[in-house]
Amino acid sequence: MPEAEATTGAIAETGRTSRLATLLQVARARPRFALGYVIVLAAVLAGALAPLVAPYSPVEANPAEFLQPPSAQHWLGTDAVGMDIFSRVIYAPRIDLAIAVAGTLLSAVVGCLIGAWVGYHSRGGGLRGWLAYLVMRAADVMQAFPVFVFAIALVASLGQSVQTVVLAIAFVNIPIYLRLMRSQVMTIREMRYVEASLVAGLSDARTIARHVMPNAMGPALAQLSVNVGWSILLTAGLSFVGAGVRSPTPEWGSMIASGFQNVVTGEWWPSVFPGLALAVTVFGFSLIGSSVELFADPVKMRRLTRDLAARRRERAA
Amino acid sequence: MLNSAATDVSAANGGTEATAAGPPMLAVRGLTVEFAAMAGAAVTAVRDFDLTIQPGEIFGLVGESGAGKTTLARALLRLPPEPGRIAAGEIRLAGRNLMELNETEMQRLRGRDLSMIVPNPRAELNPLLTVGEQIATMTRVHLRVPSREARRMALDMLRAVQIPDPERRMGAFPHEMSGGMAQRIVIAIALICSPKFIVSDDATSGLDVTVQAQILELLRRLVLDRGSAMLFITRDIGITAHFCDRVAVMYDGEVMELAAREDFFFRPRHPYTVMLMAAFSHNQRLRRMWSRPEALPGAAEPAGACRYVARCPLAQDRCRAEHPALRELALGHFARCHFPVRP
Amino acid sequence: MRGLLPFLGQRMLFILPQLFGILLVSFFLIKSIPGDPAVLMLGPTATGDAVAALRTKLGLDHALPMQFWYFLVDLVHGDLGTSWQTTRPVLEDLLQRFPATLELVTFGLLLAILVGVPFGVASASHERGWLGRIANAYGLTAGALPDFWLALVLIFVFYTILQVVPAPLGRIDFAVLPPPTVTGFLTVDSLLAGDWAAFASAASHLCLPVLTLGLVNAGPILKMTQSTVERMLHSDYSRYEVLSGLPRGMVVRHALRNALPSIITIISVLYGYLLGGAVLVEIVFSWGGAGQYAVQGVLNSDIYPVLGFVLLSAIFSLFVYLAVDILYFAIDPRIGR
Amino acid sequence: MSQHQAGPLHASRRNILQGAAALGAAAGIGIASRPGPAHAQDAARTLVIASPATPQGLDIEFDVSLGSIDALGALYDYMLAYEKMPDPKAPGVMREDIGVHGDRPNGLALRGRLAEKWDISPDGLKATFVLRQGVKSNWGNTFSARDVKWTWDRKFNLKGQGIFQTAVLGLKTPDQIKVEADHVISFSLEKPNPLLLKQQCNLANPIYDSTKLTQVGGADDPWGVQFLKNDSAGFGPYKLQQIVRGQQAVFQAREDYWDEKPFMRTVVMREVPSSASRLSLLQGGAVDIAQFLQPREYMSIGTSRTLAVDTVNASSMIWLELNAKIKPFDNVDVRRAINYAIPHDDIVKTVYYGLADKLTAPVPYIYPMADPQYFSYDLNLDKAKQLLATAGLADGFSSTISYNAGDPVQEPIALILQTSLRRIGVNVQLEKLPAGVFYENVTKREKPIIFYLDSPWTPDPGYATFLYFDDKSYVDYSNYSNPKVNELIEGGLQTLDDNERKATYGQVQKILMDEAPWGFIAYPKYALARKAKLSGFTYYTSNNLRFQDFARS
């Protein structure tokens, strides 16, 4: 159907004249995307400003006031040893976000580098091609592993600390980026400008760095936000089974875990509030993820712009 | 376009076959299809379009890529390509105003009374269903015949479109068919309910020349046998010369010239038509120029000008200042030009 | 179906080295966790001599590669080793716990499918309507919920406050005798035995954990269904069906059928993932499943349960993927023929 | 007309439904009459216990886990036992009379079990036991002196925890235990030992049916180790009917038990790992006893009419091992400073809900000769800081506290300690260790501070102090070493004179409290949550239940 394509293409053309205006319009029309950025910003701010905002120390036990329900004094109540849950909830992004972001970035960097190398050499023969094949099979093995058991085992084997959790998260995420990058690079490898640079005498490494990587990064970048959200969940899960950060580090997952026994007997606040904070933050990241996905997808973007125009017209009519 | 011109044309148009009894099979008045844009004004793909087609008639519509042919074809079924929308106009099928029907009535009508033959049929057929099923579904849904009867009818239809070994082909999947074979299936689907009117959109574009000829012949016979009428849309002006009763040429959403076949080919009046024929009949290189994207009609033309002015070798000041109306230059021969070419 | 067997055979060939790789990685990973099984088995009152003797008996005095080799040899003979925590053969433990996890995960996924697919289809076919919005919001929310937390909230609401479900204590009331084991699924076994009391109890214990897993995992299924069906509805052949005047319902049905391979894929991926991934929910409900067993194994340097679990879930995933391949084969005529 | 037609149809459908219902009912009866532990004819005589764990092993040589010790007291009989007396504070609860009785032989209130008569030579070097006749094991074998001899030989040979039992009595070779006659056995010692009779009551010294065990083990396994993993061979009131680890263990009362037959014919121990779940089972009436609840959960039972909680002072102690071989805990002042920073009252109130007392002595406060007067470590942060300054650590220091993930009270205590220690400049990290590897970490003695919860089963100050503070003991997990203390402890373990011993152990306790090898935390009480109608609970210093004690009113 070439003609319709051409027509819509022409429309996209006119849209492109004011890309920023379009983005703003989209943001106005799809407030949930804006909401995503607001949530994540709020979580970051909460973590950053926690020392100023928190009414109590997040790691100070106050046995005199244990398991107090939410009140004016303790907005979200206190836990079993009298720590203020509100203070802990707002301190937690420091750990949770730091771990998730660090773990995700680490996996993205390592995964993309290996993925680029593997993708670059996948079609080749010889030692490098064979090595590339081996790397892919290793990735298969890692992905066939039950993620959770694998992560716990890593933490258990390396010792319990923030760095270990970051490593574990990075490790289980690497295959995702490896595959994304590999398939991208394999496509780009065949493009003319890559051959041109090779012919021009650039080394493999420089070709990858200068011509292949920048053009292949798109999908990996789009994956990042969703992946951060997922990593927060994994961090919390690890803490829940006791393989995450150490107590009493304010961390949502371990807070949920420590309040777990109390829920059954009716003291819901030690678990429910941190879980809510966790869920809202991950929700924010997935909103950002879906907005990135949308902006990166020309077809969907076009459809959305059209919807918006249609609605505007309806309103005008 | 001025209102007076529109009525003018329709009267003359209908007059071509003044002897025919009853309403025309298809009558389109002032059909306008717009595409919304995020920024700026909407783009009009089909503008104020008029068309009348009589029973038994095969009407050819020629145009380059981007002229609005497909938009028009789909708009006739009230399904313009997204995000287009019918902004104005009236479509009458055998006297019935389609614009007044609700969506359910429209759905019953499509494929039953008004069907469409699509290009690139291998992508258009559902890959997971056998072609037999896809043909039989049409009669089951539209004519409410029982499955067995539907199968029998489908088999007959496969024979009618001259598919070899039709019993076996009933169970075949689209990916197992050649392009020509798939095109026949799509024709079978379009014709099995004996519709009143058929819109064929570039139906033969992807086929070898020999297959193309066979299919056109087949199509012509089937349409005439069933007393239907057809709008045959194509980029290939040559096909229309053999195949259509009347021919029109379309440019940027408008009819530029419309005439009976002989008039059209022997006495073209519009510079665009002349250019098309020249390009077609001369050499390959010029033919390729046809669908060059640079040649796309610009949406940026001033509203008051002739849409063709930018490419017209004969353009004069008036062409830039005044949008020409479609005028009847001879009996049944219309052209939209201030300075038509002398025959 | 002449293409099916070679197709599956190829898969099997591919899976064996992968199984080996998984075992290799898990063996060395778990072995690197500090903790001496001999000391752990003998407990705090053991003497050095006793520990040394046990180490010899367990083969712990050999080099790691040799230990791995012995493990493989035993494996070939159907011996998965012994858990020091339960002091029972791992195979026996797993045969008891795997069905528990499987029952939970299977019903959870069924619920997720029942929620996700119809909702996904509805939202894809009413993109701009309220249903589409709800589905969108649900897809995003469900993906953000930590399942173990949702489980706690459900327990709080339905057990602590409303008291309409039994306490989160495993699979069946303690007062009710579990039915004789046939499939290992308590619900199925109790039906087979015609034991309604056991069935009612097992089913009521399944409610909350299944609800938890169902609600959370309906998210990805919904998203996948929505996006694939949407893509199919925008495809050439769906448009052609609309042009041919087929009723909306039939067009959507055909689109769903064309979207099935993607939906089945996401379901199979979830199925494999949940075997280990449902462990947090298992813990919250004291389910006593295989995931819990493996996690306890990791935390307590109990290597064989972990290896056994990893092996069994890999084999299970293999069967799931085989089933998926067969389904693809049945759905899509273009595959393998 | 149509109704007429519908009539019979409906009727037949109803018939089918009725038939189905009948089938269902039949199936229901089938279940009820199926011979199963939970559905024995007399539910009143079935005791159902919700336990944190089913017995891991049944061999005391290798396993002292919670479930196992409850099983031991039911499956085996012992040479001697303490007499029972009512608990002074808890109405209706019995406990062992472990006090010093100057008027009784050997100063102990003992009663005979498998031994009918016993006698210690005046020099204290030889004990002779005359054994009960006509006692049968659960395998039908008759009890004799050979069984006792074999039991102790097994300890010497297997070198599990039994080797500690021999060492504590000063036994060096199996020959020191001699079969004097078919039903007479003697223990010969090199030095007098005040524990000789007490150890015969200790849960860790069950008497085995040697006939059965030698027979099943054969030459490969002469000490029946394999057999005892999953079964028992003893002279106790119950026999093991079924054990499915992780699920349940079922015990059946023996018809041929020599003594009074237990009231509870069947005992079912169900494994319920979560304490909240155990509580809710008890509240729902599904079990008679919920073991080892969290303090908060005992409180929640409160004033229920159908349930009751018995709380007794017990032999358990929880403390921090302050590792004397790891800096800065080699410094006495640092250890004292830590002790001054322990907020005992907060811990007892917040974590234990009052179900504990502060740990005021290095031995259980219920034991004879325990003396709380040397305790001076009430919370005093100024004093703590001062002591740190004396130790040259005025700016504080950093360390790690390791605790057991399997014990729910340890994390909150650790959190409270962490906060309190921070106030004296000591920054501690908390390290949560999975239950399975926790004990390995304790025994390795490589953690600077690690929690420990234990109870010395033998109610004797010498036994207890030797266990934890004599550097020859392998349970000295704090690496504490003081030759003077060693000398005093060991001296007291060779003295039979109770007055002299009281003075000696007073001195030991004084030094220990002063040198603070531990962070003294609390004496957790033993609590039993049960149905109100269940009676007969008896507290033993080994903190186990004996099923034969219980009856239902």
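**Entry 1: chains B and D.** I looked up chain B and chain D, and they do not touch: their nearest C-alpha atoms are 32 Å apart. Contact here means heavy atoms within 4.5 Å.

**Note to self.** This is a predicted model, where local features need pLDDT of at least 70 and side-chain atom pairs count only at pLDDT 80 or more, while totals for chains, interfaces and linings use all residues. Residues are numbered from 1 along each chain as its sequence is written, chains are lettered from A and ligands numbered from 1 in the order in which they are written, and side-chain values use heavy atoms, with hydrogens and water left out.

**Entry 2: chains A and C.** Which chains have the most contacts among the five pairs that touch? I found that it's A and C. Chain C puts 45 residues into the contact, and chain A puts in 45 residues too. I got a buried area of about 3700 Å² between them, with 79% of it from carbon and sulfur atoms. (Buried area is the accessible area, with a 1.4 Å probe, that two parts lose on being put together, summed over both.) C:Leu140, C:Phe148 and C:Trp149 supply 17% of what chain C buries against chain A, more than any other three residues. I also checked for salt bridges (a side-chain nitrogen of Lys or Arg within 4 Å of a carboxyl oxygen of Asp or Glu). The rule finds zero of them across this interface.

**Entry 3: α6(A) and α13(C).** Next I looked at helix α6 (residues 147–158) of chain A and helix α13 (residues 290–299) of chain C (helices are DSSP runs of H or I, at least four residues, numbered from the N terminus). Their axes come within 9 Å and cross at roughly 10 degrees. Axes are lines fitted to C-alpha atoms over the stretch in contact, and angles run from 0 to 180 degrees between N-to-C directions. So α6(A) and α13(C) are roughly parallel to each other, a label for angles under 35 degrees. On one side I see A:Val149, A:Ile152, A:Ala153 and A:Ala156, which meet C:Ala294, C:Val295, C:Val298 and C:Leu299. By class, that's eight nonpolar, no polar and no charged residues. (Nonpolar covers Ala, Val, Leu, Ile, Met, Phe, Trp, Tyr, Cys and Pro; charged is Asp, Glu, Lys and Arg; the others, Gly among them, are polar.)

**Entry 4: α10(A) and α7(C).** Last, helix α10 (residues 252–264) of chain A packs with helix α7 (residues 147–161) of chain C at about 15 degrees, axes 10 Å apart. That makes α10(A) roughly parallel to α7(C). I counted 10 nonpolar, one polar and no charged residues in this contact.

Definitions and conventions
Helices (H or I, at least four residues) and strands (E, at least two) are DSSP runs, numbered from the N terminus. Angles under 35 degrees count as roughly parallel, over 145 as roughly antiparallel, 65 to 115 as roughly perpendicular and the rest as oblique.
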